[in-house]
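Got the viewer open? Let's take a walk through this one, one selection at a time.

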Amino acid sequence: MKKNFINFILTMTTIAVVVLLVTLGDRIKSKQAEVIVLCAILLLVSVLYHAYKQHYSDKRESFFVPKINGIGFSVNPNTFEGKIIWYVVFLVVIIFLLVTIFT
């Protein structure tokens, strides 16, 4: 039940972001579009981090885990190295967002 709810939230968030970007893409200026895209990416990274953290809480030893949706692997946020990688990705997106806002 909990895994299905997480999958539902991830899917609906992704669909909402895509619909928002498609509908607003032509109506807003390029800098505003960049800020919206970076905020959407920041939202998705944080949602994915928490989803993977809860979904794979029992697999603390494996660095790579299967993706929740789709084919492939992702980094397990329950390991020390995985937390560092997820935080670095989060910080890079924040830095891009701040650079976009203040330039």
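Before the first stop, one cut-off: a polar contact here is a pair of N or O atoms within 3.5 Å, and within protein one of them must be able to donate a hydrogen and the other to accept it. Keep in mind, too, that this is a predicted model.

Select Thr79 to begin. Thr79 sits in the loop between β2 (73–75) and α3 (80–102). Show its side chain and draw a distance to the backbone oxygen of Asn76: you should get 3.1 Å, which counts as a polar contact because the pair falls within 3.5 Å. Now draw another from the Thr79 side chain to the backbone nitrogen of Gly82, again 3.1 Å.

Is Thr79 buried or exposed? Thr79 has 7% relative accessibility, so it counts as buried. To see some of what surrounds Thr79, add Arg60, Glu61, Ser62 and Phe63, which Thr79 touches once residues up to four places away in sequence are set aside.

Next, step back to Val75. Leaving out residues up to four places away in sequence, Val75 touches Phe63, Phe64, Val65, Gly82, Ile85 and Trp86. Val75 also belongs to the largest nonpolar core, so select the rest of that set: Leu10, Val45, Tyr49, Ala51, Tyr52, Tyr56, Val65, Ile68 and Trp86, making 10 residues in all with Val75. Which helix gives the most to this core? That would be α2 (residues 30–55), with four residues.

Now for the outside. Color helix α1 (residues 2–24) and pick Ile15, which lies in it. At 44% relative accessibility, Ile15 counts as partly exposed, because that label covers values between the 20% limit for buried and the 50% limit for exposed. Add Phe5, Phe8, Ile9, Met12 and Val19 to the selection: together with Ile15 they make a nonpolar surface patch of about 560 Å².

Last, zoom out and switch to cartoon. The protein has three helices and two strands, and from the N terminus on the elements run α-α-β-β-α. Of the 103 residues, 25% count as buried. If you turn on the surface, its accessible area comes to about 7,100 Å², with 72% belonging to carbon and sulfur atoms. And if you like contact maps, try one here: among contacts between residues at least 6 apart in sequence, 48% join residues at least 24 apart.

Notes:
Residues numbered from 1 in each chain as written. Predicted model: local features only at pLDDT ≥ 70, side-chain atom pairs only at ≥ 80, totals over all residues. Heavy atoms only, no water. Patch = residues over 30% accessible without salt bridge, like charges linked within 9 Å, V, L, I, M, F, W, Y side chains within 5 Å. Areas by Shrake-Rupley, 256 points an atom, 1.4 Å probe, with all protein chains shown as cover. Salt bridge = Lys/Arg side-chain N within 4 Å of Asp/Glu carboxyl O. Buried < 20%, exposed > 50% of the residue type's maximum accessible area, 1.4 Å probe, protein only. Contact = heavy atoms within 4.5 Å. Core = buried A, V, L, I, M, F, W, Y, C linked by side-chain atoms within 4.5 Å.
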